[in-house]
Amino acid sequence: MIQRKQTLYLLLALVAGILCLCMPLGTLQPAGMGVPSTVFNLCVVSAEKTVSFGLVTLLFFLLLIVCVISLVTIFLFKNRKRQSALCTLCMLLLLIWYALYAYLHFSAFGEENHVFVPQWTAVLPFVSDVFIWLARRGVIADEKLVRSMDRIR
């Protein structure tokens, strides 16, 4: 049901998640002279165009799971309890994404010879989290409305 506001919120959360998956999260600037490496959700691309995977791939998979669950949640409009539970799961997964991002920012990328410079795309999972929270509020409001109508009958 596209006319429900929570469907639009979930769709916006999905778009923000997909944008974050496709765009770089930041750069690794060398402490001295050198060309910076680009950090994506899936990998780190160095200046020599070599690709290295590591803990960064967990960021990709967490965000990919959130995007898939957000898409599935849009179509569960008849089961509001499950929709609310999946919204809560998405919010939890995005908090885990930020915890892992903070860990990578301060430990793995914070080596002596590199400085991690985040880009604006690191905010997109937070935007997605806010939209999912708004969608969950809408789902709960719909559930309360349906229950109140059942009491009147």
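**Strands, sheet and overall shape**

Biologist: How many bridges join strand S1 to strand S2, and which way do they run?

Modeller: Strand S1 (residues 26-30) and strand S2 (residues 37-39) are joined by 3 bridges and run antiparallel. Strands here are DSSP runs of E with at least two residues, helices are H or I runs of at least four, and both are numbered from the N terminus. Two strands pair if DSSP finds at least two bridges between them.

Biologist: What is the bridge partner of Thr-27 in S2?

Modeller: That's Thr-38.

Biologist: Is this model predicted, and what should I know about the numbering?

Modeller: This is a predicted model, where local features need pLDDT of at least 70, side-chain atom pairs count only at pLDDT 80 or more, and totals for chains, interfaces and linings use all residues. Residues are numbered from 1 along each chain as its sequence is written, and side-chain values use heavy atoms, with hydrogens and water left out.

Biologist: Back to the sheet, in what order do the strands sit?

Modeller: The 5 strands make an open sheet ordered S4-S3-S2-S1-S5, with antiparallel pairing. Strand S4 (51-52) and strand S5 (114-118) are the edge strands, each pairing on one side only.

Biologist: And what pattern does the chain follow along the sequence?

Modeller: α-β-β-β-β-α-α-β-α, with 4 helices and 5 strands.

Biologist: New topic: how many of the residues count as buried?

Modeller: 39% of the 153 residues, where buried means under 20% relative accessible area (1.4 Å probe, protein chains only).

Biologist: What box do the C-alpha atoms fill?

Modeller: Roughly 75 × 25 × 20 Å, taken along the principal axes.

How values were computed:
Buried < 20%, exposed > 50% of the residue type's maximum accessible area, 1.4 Å probe, protein only.
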